[in-house]
Amino acid sequence: MTDDTLKKVFEKIDSYEEQMIELQKGLTAIPALGPTNDGEGEIKKAEFLKDWLEKEIGFDSIEEYDSPDDRVPSGKRPNIIAIMKGKRSDRKIWVMAHMDVVPPGDLDLWNTDPYEVKVADGKIYGRGVEDNQHGIVTPVFALKALKELGIQPEYDVGLALVADEETGSEHGIQFLLKEHDVFGKNDFIIVPDAGVSDGTMIEIAEKSIYWLKVHTVGKQCHASTPEQGINAHKAAAHLITRLERLYEIYNQRDEVFDPPISTFEPTKKEANVPNVNTIPGDDVFYVDMRILPEIKIDEVHATVEKLAKEVEEEFGVTIEFSSPQRDEAAPATPADAPVVKALAKAIKDVYNVEAKPMGIGGGTVAAFFRREGFNAVVWSKIDELAHQPNEYTKIENMIGDTKVFAHLFLQE
Ligand SMILES: [Zn+2]
């Protein structure tokens, strides 16, 4: 790719501003909610998109892989795979984005109709414009620019526009990975579904997530005669302070993550007795743990049990555990993987910033790829408005990210 080619492509992309907004309008007007969110699924949005891709760009192939789901009227959850041939086919450059959105939530919190795009101050507003239509529109217009200029991508480029990301991905990327053989181990996989506002985070790893519900059982009695009961709340409070030791026991550091340590935080507290003069016989609190991938959840749990045993013996309570969420971290994409380097180079050339491979404390859809041995990365330049009222994306970021994808598709 010469500087001249790149300049031409970037100029072309600059000219697409209105068309990008138009596509965002069309997509936003079709609320693709999954059945768990009382929606009819993604079928209408998928039809609209396929049509648009065929008419406005033209691909070498556009296929739909439907995951059967009788909870939606169409009986299927569509996944679109569109391929544009490159000069070489020994690697594909994939961009995966999801078509479904989350409900708008409390409409009073919106200044505009969530399903009607509004443009103001260089931003476009509407449910889904960032999560994840920003990630659909940007690779799509990068390919449109190449196609209209008659420039072939260096490698084959694949778009995977999937269903069901917001409610577990069973009918989306999990279905594709299980039932169809579309991705290759040598491929680049970019998921533009999270990011930071300066575009410098390339997400490559995540921590394990372990939530624990801790139920402490003592014996209720009048608060004036505590010796007649067992104060479950007091015992639980002792356990909470003991859990602080987890920070010392599991003090490994990994600078890819921010924060670079595992975290063990007591969070939610369920109400116990309604009145002040009763000793509670029951206590429930929760712990949110984000654990570095090198530490096993089982190991941490065994330590928690040991600390609880001490409290049980000291106070005469019984402590029971259950876990509302437990996700062992997927293996990380190596920080020096070719996809990370190529993406960082494109980001540098477009935005003039140094993007860094990083880990985060929450799960992303890229974990499904990583568990299957694919080196997926998550990146986009967004203000992180996902799932919020007045969701927006900046037009300049839409155009910039489109350039980053075009750059990536042209790299040798
Ligand atoms: Zn998303």
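This passage walks through a zinc site, an open sheet with two helices across it, and one glycine in a loop, all taken from a predicted model.

The zinc ion comes first. Its coordination is provided by H98 through NE2, by D131 through an OD atom, and by D193, which is listed with OD twice; the distances run from 1.9 to 2.6 Å. Along the chain, these donor residues follow the spacing H-x32-D-x61-D. H98 sits in strand β3 (residues 88–98), while D193 belongs to the loop that links β7 (188–191) with β8 (201–206), so this pair ties together parts of the chain lying 95 residues apart in sequence. What geometry do the four donor atoms give the site of the zinc ion? The angles among them spread from 52 to 144°, and the site is irregular. To count as tetrahedral, four donors would need all angles between 85 and 135 degrees. As for the surroundings, both H98 and D193 are buried.

Next, the sheet. Four strands make it up, arranged in the order β11-β13-β9-β14, with antiparallel pairing, and the sheet is open. Which strands stand at the edges? Those are β11 (263–269) and β14 (318–327); each has a single partner strand, so one side of each is left without a neighbour in the sheet. On average, and ignoring direction, neighbouring strands here are turned by 25° against each other. At the β11 edge, the partner is β13 (residues 282–291), which runs antiparallel to β11 and is joined to it by five bridges. Within this part of the sheet, E265 is found opposite D288 of β13.

Two helices lie across these strands. Helix α6 (residues 232–243) lies across β9 (208–217), β11, β13 and β14, and makes an angle of about 15° with β13. Helix α8 (residues 297–315) also lies across β9, β11, β13 and β14, in this case running at about 160° to β14.

Finally, there is G362. This glycine is placed in the loop between β15 (356–360) and α10 (366–371). Is G362 buried or exposed? Neither label quite fits: G362 is partly exposed, at a relative accessible area of 23%, and the buried class takes in values under 20%. Leaving aside residues up to four places away in sequence, G362 is in touch with E206, I209 and R290. Of these, R290 falls within the range of strand β13, residues 282–291, and I209 within that of β9, 208–217. By contrast, A344 is 18 residues away from G362 along the chain, and the C-alpha atoms of the two are separated by 22 Å.

How values were computed. Residues are numbered from 1 along each chain as its sequence is written. This is a predicted model: local features need pLDDT of at least 70, side-chain atom pairs count only at pLDDT 80 or more; totals for chains, interfaces and linings use all residues. Side-chain values use heavy atoms; hydrogens and water are left out. Buried means under 20% relative accessible area, exposed over 50%, partly exposed in between (1.4 Å probe, protein chains only). Contact means heavy atoms within 4.5 Å. Donors are N, O and S atoms within 2.8 Å of the metal (3.2 Å for Na, K and Ca); water is not among the atoms, so sites may look incomplete. Four donors count as tetrahedral if all angles lie between 85 and 135 degrees; four count as square planar and six as octahedral if opposite donors are over 155 degrees apart and all others between 65 and 115; anything else is irregular. Two strands pair if DSSP finds at least two bridges between them. Axes are lines fitted to C-alpha atoms, for helices over the stretch in contact, and angles run from 0 to 180 degrees between N-to-C directions.
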